[in-house]
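Here are a few short exercises to work through with the model open beside you. Try each task before reading its solution.

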Amino acid sequence: VLFRSNASPTVALDVTGSAKISSDLTVTGLSDLGNIRLGNNTISATVLDSNLILEANGTGTIELDSDVSVSGNLTLSGTAYLNSTNTYFVDRVIDIGTDTSGASLTIDDFKDRGLALHYFSGSDKKGFLGQVASDKKLYWYSDATETSGVYSGTLGTFITGVVEVDSLTTDEVAVGNLLINN
């Protein structure tokens with residue numbers, strides 16, 4: 001059906017029930033589909049302060065095949081996988097282990113916090129650099145095992161230029177630049 005109107009600037013097609021389009025549909029201008037508006041390369045919700053949800057049916061995925069720019073906050077729920085060559089953070093500080101809204105924790109979950117570093121040495125191996133919940137000290141495990149959020153393993157080696165210690169307790173002995181913990 002082709003609609004043309006020279007007398008009226010607007011022509012409406014109202015469909016009650018199902019409609020099937022078996023070929024391309026070209027829409028110029030803004031078009032409202034329920035509470036969704038398509039137009040000017042923009043998909044937006046038409047209801048003020050409402051959420052726009054893109055949801056795959058069943059086990060499908062939503063694919064975005066170009067750059068994506070987010071100007072507001074981004075919340076990810078579930079497991080997030082980043083498959084990039086390099087990832088850059090402009091932030092001065094990256095908070096690890098907050099509650100789901102980024103707020104301070106109110107209870108101790110007894111889980112370690114840090115970075116797990118995967119590498120291959122005959123099989124997949126994992127290093128861990130982080131704060132261990134049991135004693136709140138920083139550990140480096142070069143070959144780590146994780147059980148329920150708690151890491152253990154082979155203590156690794158650091159190579160650095162200088163080590164500076166703020167204070168020594170009576171259980172520790174300092175020999176030059178070497179600290180020996182009894």
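**Exercise 1.** Decide whether V70 is buried, partly exposed or exposed, then place V70 in its surface surroundings.

Solution. This is a predicted model, so take the values as computed from it.
- Step 1: V70 has a relative accessibility of 46%. Buried means under 20% and exposed means over 50%, so V70 counts as partly exposed.
- Step 2: V70 sits in the loop between β3 (42-45) and β4 (113-120).
- Step 3: V70 helps make a nonpolar surface patch of about 890 Å². Other members are I43, L52, L54, I62, L64, V68, L74 and L76.

**Exercise 2.** Trace how β4, β5 and β6 are connected and paired.

Solution.
- Step 1: β4 pairs with β5 (residues 124-132) in the antiparallel sense, over 8 bridges. Within this pairing, Y119 has K125 of β5 as its bridge partner.
- Step 2: The hairpin of β4 and β5 has 3 residues between the strands, and G122 in its turn shows a positive phi of about 85°.
- Step 3: β5 pairs with β6 (residues 137-147), again antiparallel, over 5 bridges. Here V132 is matched with K137 in β6.
- Step 4: The hairpin of β5 and β6 has 4 residues between the strands, with a positive phi of about 60° at K136 in the turn.

**Exercise 3.** Describe the surroundings of T154.

Solution.
- Step 1: T154 belongs to strand β7 (residues 150-155).
- Step 2: Its relative accessibility is 44%, so T154 counts as partly exposed.
- Step 3: Beyond neighbours within four places in sequence, T154 contacts W140, Y141, S142 and D143.
- Step 4: T154 and S142 are 12 residues apart along the chain, with their C-alpha atoms separated by 5.8 Å.

Technical notes:
Residues are numbered from 1 along each chain as its sequence is written. This is a predicted model: local features need pLDDT of at least 70, side-chain atom pairs count only at pLDDT 80 or more; totals for chains, interfaces and linings use all residues. Side-chain values use heavy atoms; hydrogens and water are left out. Patches are made of residues with over 30% relative accessible area and no salt bridge: like charges are joined within 9 Å, nonpolar side chains (Val, Leu, Ile, Met, Phe, Trp, Tyr) within 5 Å. Accessible areas come from the Shrake-Rupley method with a 1.4 Å probe; for residues, only the protein chains shown count as cover. A salt bridge is a side-chain nitrogen of Lys or Arg within 4 Å of a carboxyl oxygen of Asp or Glu. Helices (H or I, at least four residues) and strands (E, at least two) are DSSP runs, numbered from the N terminus. Buried means under 20% relative accessible area, exposed over 50%, partly exposed in between (1.4 Å probe, protein chains only). Two strands pair if DSSP finds at least two bridges between them. Contact means heavy atoms within 4.5 Å.
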